[in-house]
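Reader: Could you walk me through this model and tell me how each label is earned? I would like the cut-offs alongside the values.

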Amino acid sequence: MTESFTKEDGNTELWHTIFAVGHPDLSKQQEFHAKLPRDPRCRLCNAPFAGLGGLYMRFRGKVASSRNENYCNACDGFLDAFPGGAEVEMSMLFADIRNSTAFAESAGPKAASDRVNRFLDSATKAITDNDGFILAFYGDCIVAVWPPGFSGPDHARMAVKAAREIAGHARARVEAAPVGVGVHKGTVYIGTVQAAKGLFRDVSIFGAEVNVTARLAASAAAGEALASRDILEAAGGTGEMKSYELKGISRPVEAAALG
Ligand SMILES: [Zn+2]
């Protein structure tokens, strides 16, 4: 996903437990933290960094890590102590804004920034309301995953629902950004990535199924969400399947536009 980072291996069993099965200690923390206000939160344990919940966390010694504000100090310490990852089957979603370069040129930087922020707000809400886990924002793209260890066995249905909500939001409002969404299920490698000299660790996903998801999002029209056959069947949904030739993917991928 991010080429400037190096994928790390190791601690496979622990990573598999956390993301595929659910680690009992971490699951308890996530559940408890979810009840406390408010965003932004630690991407791993869900600890809030703002609002009353953030204040409570500070009393408990949990704050955003000084090295990586996406994680709390405790989880950042975990990533540092247990670098690695595992292959896990999960649902994933890519959503990105179309023609943002042209829009920024014609509407100006302030309008472009407002539009991206509105997209990120509404997409974040759709993802977190449906128990997804935001992995990355980069540029005007958002990447989310539903690892069974975090989101439970019903992850495909929740990811499809989030995709439908993000696309629906883009269609419903004139001021909304033209967003294309791709949602898919498959086995990916989820694990830590290391920047130069091990200075910074983050969590990322790798593999052909990640590329399928990204390419589905790129193939979706503005205001459209494309769901692969794999995820739609797992979600118990139906749709009119079409075969897509996706750039860089050797097999044709069947997908349907979500209504
Ligand atoms: Zn944490």
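**Strands, helices and domains**

Author: Happy to. Strands S2 and S5 (residues 179-194) pair in the antiparallel sense over 13 bridges. This is a predicted model, where local features need pLDDT of at least 70, side-chain atom pairs count only at pLDDT 80 or more, and totals for chains, interfaces and linings use all residues. Residues are numbered from 1 along each chain as its sequence is written.

Reader: What makes S2 and S5 a pair?

Author: Two strands pair if DSSP finds at least two bridges between them, and S2 and S5 have 13. Glu89, for instance, stands opposite Thr187 in S5. S2 also pairs with strand S4 (residues 141-146), antiparallel again, through six bridges; there Met92 has Val145 as its bridge partner.

Reader: And what makes something a strand or a helix here?

Author: Both are DSSP runs numbered from the N terminus: helices are H or I over at least four residues, strands E over at least two. The protein chain has 10 helices and nine strands.

Reader: Why is S2 called largely enclosed?

Author: A residue is buried if 20 or more other C-beta atoms, placed from the backbone, lie within 10 Å of its own; 12 or fewer makes it exposed, and anything in between partly exposed. In S2 (residues 85-97), 11 of the 13 residues are buried, so the strand is largely enclosed by the rest of the structure. Over the protein chain, buried residues make up 40% of the 259.

Reader: Why is helix H5 said to lie largely in the open?

Author: Of the eight residues of H5 (residues 100-107), zero are buried, so this helix lies largely in the open. Just after H5 comes Gly108, with a positive phi of about 95°.

Reader: How do you know that the chain is as compact as a globular protein of that length?

Author: The radius of gyration, taken over C-alpha atoms, is set against the globule rule, 2.2 Å times the number of residues to the power 0.38. The chain's value is 18 Å, close to the 18 Å the rule gives for 259 residues, so the chain is as compact as a globular protein of that length.

Reader: What makes domain 1 and domain 2 touch?

Author: The bounds, 8-81 for domain 1 and 85-257 for domain 2, come from an automatic or database domain assignment. Two residues are in contact if their C-beta atoms, placed from the backbone, lie within 7 Å. By that test, 17 residues of domain 1 are in contact with 17 residues of domain 2. On the domain 1 side, helix H1 (12-21) and helix H4 (73-81) each supply at least two residues, and H1 gives the most, with seven.
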